[in-house]
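Biologist: I've got a new model open and I'm not sure how to start reading it. Can you walk me through it?

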Amino acid sequence: MVELEKEVLPLPPRYRFRDLLLGDWQADDRVQVEFYVNENTFKERLKLFFIKNQRSSLRVRMFNFSLKVLSCCLYIVRVLLDNPQEQRQDCSDCPKQNASSRPRSEFDWTLIIWVERPLPLWALQVLVAFISFSETMLLVYLSYKGNVWEQVLRVPFILEMISAVPFVITVILPSVRNLFIPVFLNCWLAKHALENMINDLHRAIQRTHSAMFNQVLILISTLVCLMFTCICGIQHLERAGNNLTLFDSLYFCVVTFSTVGFGDVTPQIWPSQLLVVIMIFVALIVLPIQFEQLAFLWMERQKSGGNYSRYRAQTEKHVVLCVSCLKIDLLMDFLNEFFAHPRLQDYYVVILCPAEMDVQVRRVLHVPLWAQRVIYLQGSALKDQDLMRAKMDNAEACFILSNRFEVDRFAADHQTILRAWAVKDFAPNCPLYVQILKPENKFHVKFADHVVCEEEFKYAMLALNCVCPATSTLITLLIHSSRGQEGGACSADQWQRTYRRCSANEVHHIRLEESKFFGEYQGKSFTFASFHAHKKYGVCLIGVRRLDTTNILLNPGPCHIMGGSDTCFYINISKEENSAFVRGQREPSRGGPGGSSRGGVPQTIYHGLTRLPVHSIIASMGTVAIDLQDSSDSSPEGQGPGGMGLGSGGGGRSGSRTEAGGANTLALPAMADSAEERRHSIDPVLELVDGVNAATFDLLGDQSEDEGGEEEKEESDGDERSNWWGGHCEWVKGYPLNSPYIGSSPALCHLLQEKMPFCCLRMDKACHHIPFEDARSYGFKNKLIIVSAESAGNGLYNFIVPLRAYYRPRKELNPIVLLLESIPEADFLEAICWFPMVFYTVGSIDNLDSLLRCGVTFADTMVVVDKESSMIAEEDYMADAKTIVNVQTLFRLFPALSIITELTHPANMRFMQFKVKDHYSLALSKLEKKEREKGSNLVFMFRLPFAAGKVFSVSMLDTLLYQSFVKDYMISITRLLLGLDSMPGSGFLCAMKITEEDLWIRSYGRLYQKLCSSNGDIPIGIYRTEAHKLPVSESQVSITVEDYEDTREPREPLLSRTGPHRNSTSSEPPSSSHSSDHPLLRRKSMQWARRLSRKGGRGPGGSKGGTGSAAERISQQRLTLFRRSERQELNALVRTRMKHLGLSPSGFNGMSDQGNRLSYILINPSPDTRLELHDVVYLIRPDPLSLVPSQGSSRKANAGRSEGHRFDTQDSTHL
């Protein structure tokens, strides 16, 4: 028992019974394991210090390099102290023999083998040699890997043995202390140590010098070692010959290696001559190799670019452009737009691209204009070393552009996203400007300062082009920097001069309290400030931004009161800071037709309204001179609330007319009889608006149309029941329930109360809900808008939303048909099934049957979107070949169809609606070439398709991102104009057409006042269409003759309309006022007159029996028949295919004549610009929802005014 008690250990305190059973209370048997014990050995520790550790290894290399340099210096000291004359065996009394007369084979070897070495110098050399030898043997031991011969036969080891071991031997044998030892060979060991030291330096401080620097350093070291070896060798061997000094040897080597060869110093004995031969052979072998490597690295550096030094980055300003593939067009667009701003002239552009520099890009960067401003670096944004080369952390901004020519656009976006993440990780404070192709990838780069989604802007711009002509051209001109000097000042055509001058307008900003343009309107309404600033200075105020918010409001309406801290956004040729104000005297004559060349305008335009002057802008190299006439006799206080002298009762007549349900906001009042009274009938623009309940500012006319009185609602319901979409589902206004991608801005739209079944969305196939298979069977009241796209991408959602915005009247909504090559995905159908009158068909644009099934004969506009699969071509500009040919076929088959085309390359727009013998197009082509030679960034602006808004290239949007570096608000303003963003209280872009009844306003300035005083609209430009009075080409003659023959057939209307409806998108040619209602009859009468004039001219010749005139007439008729046959053949082809498909060809007329017309845009024209018939005026209309009265107005009041607003929408198209 005692033994058992001794074996049992006492229980530790506080142990549980479970521990007693399991035995855990026993002694702990855990063992501590140490790791990496192999590194604790002596050899590993030495290896860690001498080799592995970066900093200690660098110190060892530097010490070794210092030892080798010190040994070479000691050798030079020994040579300087040596005197070989004392060692000569010749006696002192023997006559001196001439060394030159001595045979070359006879010399004293003792002078070569033995030297004079002082004892202190010998001790130092022995010490250096011993340290160097010990270090070498230690490194050999640490580097040994099982093969000793690999270490022994290395050249550095052999040189070390030759220069260090003999000194160790001299310690043991004092008799050989003066033995010659080639210590100068240590220079090659110093070169080897220098190379190793540079490598360790790169590892230690994590900075990599360029390979060019390393190679230059190696080349210089090689040259120094060759020269030093040759100098020391010649000097030592010539101790037995000419007894040359070190300087004489240096002179001889330089003369010899430079191939000059004076011959005054030559080696006298054969060993020295042999050494010279050997060194020449070595130089001929080693130096070319070094130079070849240096040249190769130089060429590689030219391809990849160099480094942007940190000193330059700290003292200069630069931006970085990151692209995956740099094209010459992209580069020139960026450089021209970026350096167009005066304050960016001192900036540098560093291009970071992983691809080699293109030949064209290299040629451009060699131009002196760009050679000192642009630095090309080949590298990747995903590598920190390349970002360090570009000094991204010191950059003012970084532009990251996607490659739109990539086959897989999603892959291109993924690369852009990774680049943006890498830059943000490396330089968090660097502003990012990112371009994304697909909208669904936009939220990944939401952290960037500015993001432009290509498909978002593209489809929204194409959509507005359908209802508001040439919106793409309007936006393109606004986001391009221009001085209005394109085309030259001596242009032959008036439209080119006007178009060129107005294209220089851009969007600028200024603080109101610091502005001369708007400072005097502090405390006044926005519309009052906009109108008077335009009348006085010619600037168009379009938006404001409060100090306490970052949201920009376009035309916030007459209820917005201007504050001193507000930031004003205006359209003008130049910003106010670059403008000079010159006050001139007023013209004494009011009725004269002319005006001052600097600031004068015809006084007959405004003398009935006010005595205030009208500005005139003279743009000269970025500075605007504005002449202001004397306005001391007119003040806002003295001339009514609007600040203008108006006819008596003008304001009351306008207000009563609106309440009574007048037809048009621009219509003449009933009390105005004479022309003079009409000019005084415009209401004043109020300084302050008492309330929004007045009928003058009731902007919800469209709301009353949809939500008005019971009588109108019953009438609209009755009309809808005749249509299939009104029978089972009503329309509502709300926000779309399903968005196809993350990040889409919510927009209030016309929606269906119940979503459409997917089977009903396909137009060319009947289902059990709808038995229709073609567009005619649906009985649409408005013409179609057809979009031809390769696939149903999420960007198409942005095409539908602007066309279904809540502020568009229901009666003006056009059906949208998507012509797709493949069936869309269910997610896309789920997003569009809530929108009314949106369909899709499956087909291709190059298939006539597909076009006829989707209703091309009933379409008003056809939008052709560039195919993504065709963007890649062997030849860059051939990417648009298929699109251009297909559009040309559409133009020939359906000449009355308005076609809007998207191209990859803007240079290809010259092929749109191509005519071989069109002399005017050839003249415009020459003008474009001149602009390209001048370096203009708008070389294509005078092309008729671009000026008319019929062609658009997505590359034009690149300048929007570039311009945001200077104007950070441009992206926000563009999104508001296109309807991509709907800011509460911000207006929207719309348009209205000038009819014959509106010509009483006469000028743009009076129109500005009329719109501001009636409903608060702000006009920003005019889209003008005029006759093209040019020599008619042969192709145009043939079309005219063919149309003359077809005028005998009456043309049936394609679509039935319930009443007179004003369409802002129609592009009828301008004509006289008495024939504006029937332009087709006018064209027919003109063709009949021309035909009769030809017959009358040939009649006398025929009566005389002239054989020449008869033969000419017969040949002309034969030529006419030949030309007619092509058009008639195309017409017959379409009719035949329509009959084959079971479609009625009665509504198709392929012989229509568009005539010779040209269209162009006037941005912010001067107030004295005359209005012409069929002008389309761009407006920024206030947000109707922001003016809805919360109290004091009832639904009945809106219903009482619904009749007037119903007619009002006929004359003003809401967009």
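Modeller: Sure. This is a predicted model, so start with pLDDT, which is the predictor's confidence in each residue, from 0 to 100. Here the protein chain averages 74, and 70% of the residues score at least 70.

Biologist: Which elements have the lowest and the highest mean pLDDT?

Modeller: Strand β12 (residues 617-620) has the lowest mean, 32, while strand β4 (residues 398-400) has the highest, 95. Then look at residues 692-722, where pLDDT is below 50, though the stretch has 67 contacts in the model beyond near neighbours in sequence. Residues 724-728 also stay under 50, with 13 contacts beyond four places in sequence.

Biologist: What should I do with stretches like those?

Modeller: Where pLDDT is low, don't read the predicted coordinates in detail.

Biologist: Okay. How many helices and strands does the protein chain have?

Modeller: The secondary structure comes to 43 helices and 25 strands. Of the 1215 residues, 52% count as buried. Among contacts with a separation of 6 or more, 77% are between residues 24 or more positions apart. The chain exposes about 56,400 Å², with carbon and sulfur atoms supplying 56% of that.

Biologist: Now a sheet, please. What holds the strands together?

Modeller: Strands of a sheet pair through backbone hydrogen bonds, and the pairing can be parallel or antiparallel. In this model, six strands form an open sheet with parallel pairing, in the order β3-β2-β1-β4-β5-β6. β3 (374-378) and β6 (450-453) are at the edges with a single partner strand each, so one side of each has no neighbour in the sheet. From one strand to the next, the twist averages 15°.

Biologist: How many bridges join β5 to β6?

Modeller: Four, and β5 (residues 432-436) runs parallel to β6. For one of the pairs, find tyrosine 433: its bridge partner in β6 is histidine 450. Helix α19 (residues 454-467) lies across β5 and β6, at about 55° to β6.

Biologist: And helices? Why does the span of helix α6 agree with what it should be?

Modeller: Count residues and allow 1.5 Å for each step along the helix. Helix α6 (residues 119-143) has 25 residues, so it should span 36 Å, and its end C-alpha atoms are indeed 36 Å apart.

Biologist: Which parts do the buried residues of α6 pack against?

Modeller: They pack against α3 (42-52), α4 (54-81), α7 (148-152) and α8 (155-172). Those buried residues include Leu121, Trp122, Val126, Glu135 and Leu142.

Key
Residues numbered from 1 in each chain as written. Predicted model: local features only at pLDDT ≥ 70, side-chain atom pairs only at ≥ 80, totals over all residues. Heavy atoms only, no water. Helix = DSSP H or I, 4+ residues; strand = E, 2+ residues; numbered from the N terminus. Buried < 20%, exposed > 50% of the residue type's maximum accessible area, 1.4 Å probe, protein only. Contact = heavy atoms within 4.5 Å. Areas by Shrake-Rupley, 256 points an atom, 1.4 Å probe, with all protein chains shown as cover. Pairing = 2+ DSSP bridges. Axes fitted to C-alpha atoms, helices over the stretch in contact; angles between N-to-C directions.
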